[in-house]
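Reader: I'm new to this one. Could you walk me through how to read a couple of its features?

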Amino acid sequence: SRAARRLSGRLGLNSAPPLRPVSGVTPLPDAAEWRQATIERAPNLRVLIGTTADEMAAFYGPHPFFSALRRVPLIGKPLSVIAQKVVQAKAFDNATDQLAGLLADAGADVYRYRFGSLHPANPFGACHCIELPLLFGDGESWQHAPMVEPLTASEITAIGARTRERWGQFVHTGEITGSRTLNVLP
């Protein structure tokens, strides 16, 4: 539709969803009120927060602009990677880092995670939502999902079991033994 094209911005590069929470619009508090409430509640919180290493890969991997850019000899692939990393920083990493820092500075116990690629041959790398197959269902349920190829159902199940064990430990105890950084891959 015309509205979707307009919202996607020049060259269709704006992947931010047009429907998202807006501070100061009921029922959400304004930004200053939210920040103050976060600071006040932080000393009683234990938080698990993070991102994936390649958040934008599934959005920009098949994108026509980036597909064409990657075909430019010598500079195409590096420029594509740089553009994806810049957008990832703006859309995911910076906000996650800021929230984790705000919470930690205010006294919360903050655990960070960063999902890496599940297999080097997968073109999506550690794309947005890569943790979902590891948290929900089993390997057979996800074995045909492009984001986990070429892993077998048993490999997905094994990695998922380790992920759920670590995150489950956090839910039950508020801690993850062994590290302040969550690593679920072998």
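Author: Let's take one charged residue and then one helix. Keep in mind that this is a predicted model.

Reader: Okay, where does E55 sit?

Author: Look in the loop that runs between β1 (46–52) and α3 (57–60).

Reader: How far from E55 is the nearest side chain of opposite charge?

Author: A salt bridge needs a side-chain nitrogen of Lys or Arg within 4 Å of a carboxyl oxygen of Asp or Glu. Here the nearest candidate, R114, is 6.6 Å away, and E55 has no salt bridge although it's buried.

Reader: What does the E55 side chain make a polar contact with, then?

Author: One partner is the side chain of H128, at 2.6 Å. The E55 side chain also reaches the backbone nitrogen of T52, at 2.8 Å. Leaving out residues up to four places away in sequence, E55 touches Q88, F92, A126, C127 and H128.

Reader: Now the helix. What span does α8 reach from its first C-alpha to its last?

Author: You compare the span with what's expected at 1.5 Å a residue. Helix α8 covers residues 153–173, 21 in number, and reaches 30 Å, close to the expected 30 Å.

Reader: Which residues of α8 are buried?

Author: They're A153, I156, I159, G160, T163, W167 and F170. These lie on the same side of α8 because they cover an arc of only 135° around the axis. On the face turned away from that buried side you'll find the exposed residues S154, E165 and H172.

Reader: And what follows α8?

Author: That's G174, with a positive phi near 80°.

Methods: Residues are numbered from 1 along each chain as its sequence is written. This is a predicted model: local features need pLDDT of at least 70, side-chain atom pairs count only at pLDDT 80 or more; totals for chains, interfaces and linings use all residues. Side-chain values use heavy atoms; hydrogens and water are left out. Helices (H or I, at least four residues) and strands (E, at least two) are DSSP runs, numbered from the N terminus. Buried means under 20% relative accessible area, exposed over 50%, partly exposed in between (1.4 Å probe, protein chains only). Lys and Arg count as positive and Asp and Glu as negative; His and the chain ends are not counted. A polar contact is a pair of N or O atoms within 3.5 Å; within protein, one must be able to donate a hydrogen and the other to accept it, and residues adjacent in sequence count only if both atoms are side-chain atoms. Contact means heavy atoms within 4.5 Å. The expected span of a helix is 1.5 Å times one less than its number of residues. The arc is that of the directions from the helix axis to the C-beta atoms.
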